[in-house]
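Student: Could you take me through one part of this protein slowly, and explain which residues lie inside and which lie outside? I would like to see how that part fits with the rest of the chain.

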Amino acid sequence: MAEEKIGCQKPEKLKGKPEECSPEQIKECHGDDPEHPCVKEKE
C-alpha cells in the first residue's frame, strides 16, 4: 500500500493552516496550479 502524503508541501512558507492560504500564497508555492495540492479532500 502506497503511503499517502497529507499536509503542506512547502511548510517553510506556511503561515497558518494549509486551508487558510491566500490565493497569492498558493500561487507563490505551487505556481499556476488551479487547485491547492496541500488541501486535497480525503474520500
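Tutor: In this predicted model, the protein chain exposes about 4000 Å², and carbon and sulfur atoms supply 47% of that area. Of the 43 residues of the chain, 21% count as buried, and the secondary structure comes to 1 helix and 0 strands, so helix 1 is the part to look at closely.

Helix 1 covers residues 23–30, and within this stretch Q25, I26, C29 and H30 are buried. Seen down the axis of the helix, these buried residues fall within an arc of 105°, so they line one face of helix 1. The general reason is that an α-helix has 3.6 residues a turn, so residues three or four places apart point the same way. The face of helix 1 turned away from the buried side carries P23, E24, K27 and E28, which are exposed. Just after the helix, G31 takes a positive phi of about 70°.

It also helps to look at the cysteines elsewhere in the chain. The structure holds 0 disulfides, where a disulfide would need two cysteine sulfur atoms within 2.5 Å. The sulfur of C8 has its closest cysteine sulfur in C38, but the two are 4.0 Å apart, which is too far for a bond. C21 is likewise in no disulfide, and the nearest cysteine sulfur to it, that of C8, is 6.0 Å away. C21 has a relative accessible area of 16%, and because the cut-off for buried is under 20%, C21 counts as buried.

How values were computed
Residues are numbered from 1 along each chain as its sequence is written. This is a predicted model: local features need pLDDT of at least 70, side-chain atom pairs count only at pLDDT 80 or more; totals for chains, interfaces and linings use all residues. Side-chain values use heavy atoms; hydrogens and water are left out. Buried means under 20% relative accessible area, exposed over 50%, partly exposed in between (1.4 Å probe, protein chains only). Helices (H or I, at least four residues) and strands (E, at least two) are DSSP runs, numbered from the N terminus. The arc is that of the directions from the helix axis to the C-beta atoms. Accessible areas come from the Shrake-Rupley method with a 1.4 Å probe; for residues, only the protein chains shown count as cover.
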